[in-house]
Amino acid sequence: MEKNTFPLIKNEVCFKDIHIFTTLLQNRKVILDVGCGHGDFLINKTAIDKESLYIGIEISRKRTFKTSERLAKRNVKNYRVINGDGELILKTFFQENSVDEIYILFPDPWLKKQQWKNRIFKPSFLIQVIRILKQNGIIFFATDIEEYAQEVYELLSSFKEIKNVFENHIEKNIFSEFPTLFFNKMSPLRPINYICFKKD
């Protein structure tokens with residue numbers, strides 16, 4: 001348990017807010033950042049796009065707090081944050097066909113084989129992803145771990161409801177800049193792998 005529970009987080013959505021939250025999602029473009037960390041991707045996107053609703057999902061309450069504080073200090077209005085397990089949040093907070101884009105950027109690869117069960121990409125998680133994506137909605141994944149990229153591609157390919165978007169199965173180094181801490185840290189050291197699938 002984290003030492004500071006950060007009881008008050010700006011624009012946080014809790015279980016008691018689900019009904020209001022569901023209404024908020026209607027008739028607008030909705031973009032999720034699952035594992036939003038300290039919010040770099042959300043800060044970058046909301047600076048450009050003031051109309052879509054951006055939602056950061058983060059298991060660490062400390063990072064959820066920091067993400068929200070950084071966005072609020074920039075006077076961003078079109079965001080919400082949700083603290084908790086990604087798969088459970090998708091299952092609980094989102095109705096079918098309610099999300100346009102889902103980004104999962106540099107998630108913990110849990111490199112030891114006995115830790116692989118902790119990886120976010122698993123069939124039960126993707127069932128929820130497909131359920132909540134709108135038609136033509138996308139799931140976008142980035143990692144610096146080639147083995148993890150191969151595993152994710154194979155898992156995504158096993159679902160007939162979604163199709164690969166990129167010309168190559170896994171694209172490498174297609175961005176010279178990308179708004180995440182891990183990109184800045186890892187891109188000088190090794191190739192970055194990108195995967196994108198679209199819901200039919």
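Here are some exercises with worked solutions on the structure above, which is a predicted model.

## Exercise 1: A strand in the middle

Find out how many residues of strand 2 (residues 53–58) are buried, and say what that tells you about the strand.

**Solution.**

Step 1. Start with the side chains that point one way from strand 2: L53, I55 and I57. Y54, G56 and E58 point the other way.

Step 2. Now look at how well they are covered. Residues count as buried under 20% relative accessible area, and the residues on both sides of strand 2 are all buried.

Step 3. Put this together: 6 of the 6 residues of strand 2 are buried, so the strand is largely enclosed by the rest of the structure.

Step 4. The alternation you saw is a general pattern: in a regular strand, side chains alternate between the two faces of the sheet.

## Exercise 2: The neighbours of strand 2

Work out which strands pair with strand 2, and in which sense.

**Solution.**

Step 1. Begin with strand 1 (residues 30–34), which pairs with strand 2 in the parallel sense over 5 bridges. You can locate this pairing by finding V30, which stands opposite L53 in strand 2.

Step 2. Go on to strand 3 (79–83). Strand 3 and strand 2 also pair in the parallel sense, over 5 bridges. Here the bridge partner of Y54 is Y79 in strand 3.

Step 3. Follow the chain from strand to strand. Strand 1, helix 2 and strand 2 make a right-handed β-α-β unit. Strand 2, helix 3 and strand 3 make a right-handed β-α-β unit as well.

## Exercise 3: Helices with a buried face

For helix 1 (18–25) and helix 4 (residues 86–93), find the buried residues and decide how they are arranged around the helix axis.

**Solution.**

Step 1. In helix 1, the buried residues are I18, F21, T22 and L25. They cover an arc of only 105 degrees around the axis, which puts them on the same side of helix 1.

Step 2. Check the other side of helix 1, where H19 and I20 are exposed.

Step 3. See what the buried residues of helix 1 touch: they pack against strand 1, strand 2, strand 3 and helix 4.

Step 4. Repeat this for helix 4, where G86, I89, L90 and F93 are buried. Looking down the axis, you find these buried residues within an arc of 100 degrees, so they line one face of helix 4.

Step 5. The buried residues of helix 4 pack against helix 1, strand 1, strand 2, strand 3 and helix 5.

## Exercise 4: Rings that meet

Look for aromatic pairs in the whole structure, and describe two stacked ones: F41 with F178, and F106 with F182.

**Solution.**

Step 1. A search of the whole structure gives 19 aromatic pairs. One of them is F41 with F178, at 6.3 Å centre to centre and with 25 degrees between the planes. Planes under 30 degrees apart count as stacked, so the pair of F41 and F178 is stacked.

Step 2. Ask where the two rings come from. F41 lies in helix 2 (residues 40–48) and F178 in the loop between strand 7 (171–172) and helix 7 (181–186), so this pair ties together parts that are 137 residues apart in sequence.

Step 3. Check the surroundings: F41 is buried at 4% relative accessibility, and F178 is buried at 9%.

Step 4. The pair of F106 and F182 is stacked too, with 6.5 Å centre to centre and 20 degrees between the planes. F106 is in the loop between strand 4 (99–105) and helix 5 (123–132), while F182 is in helix 7, 76 residues apart.

Step 5. Accessibility sets these two rings apart: F106 is buried at 7%, whereas F182 is partly exposed at 42%.

Step 6. Finish with the wider picture. Ring pairs link F41, Y103, F140, F166, F175, F178, F183 and Y194 into a cluster.

## Exercise 5: Positive phi angles

Examine the phi angles of N75 and N173, and place each residue in the structure.

**Solution.**

Step 1. Recall the background: most residues other than glycine have a negative phi.

Step 2. N75 has a positive phi, near 60 degrees. N75 lies in the loop between helix 3 (61–73) and strand 3, and is exposed at 55% relative accessible area.

Step 3. The phi of N173 is positive as well, near 55 degrees. N173 is in the loop between strand 7 and helix 7, and is partly exposed at 47%.

Notes: Residues are numbered from 1 along each chain as its sequence is written. This is a predicted model: local features need pLDDT of at least 70, side-chain atom pairs count only at pLDDT 80 or more; totals for chains, interfaces and linings use all residues. Side-chain values use heavy atoms; hydrogens and water are left out. Rings of Phe, Tyr and Trp (its six-membered ring) pair if their centres lie within 6.5 Å; planes under 30 degrees apart count as stacked, over 60 as edge-to-face and the rest as tilted. Helices (H or I, at least four residues) and strands (E, at least two) are DSSP runs, numbered from the N terminus. Buried means under 20% relative accessible area, exposed over 50%, partly exposed in between (1.4 Å probe, protein chains only). Two strands pair if DSSP finds at least two bridges between them. A crossover is right-handed if, with the strands pointing away from the viewer, the path from the first strand over the helix to the second runs clockwise. The arc is that of the directions from the helix axis to the C-beta atoms. Contact means heavy atoms within 4.5 Å.
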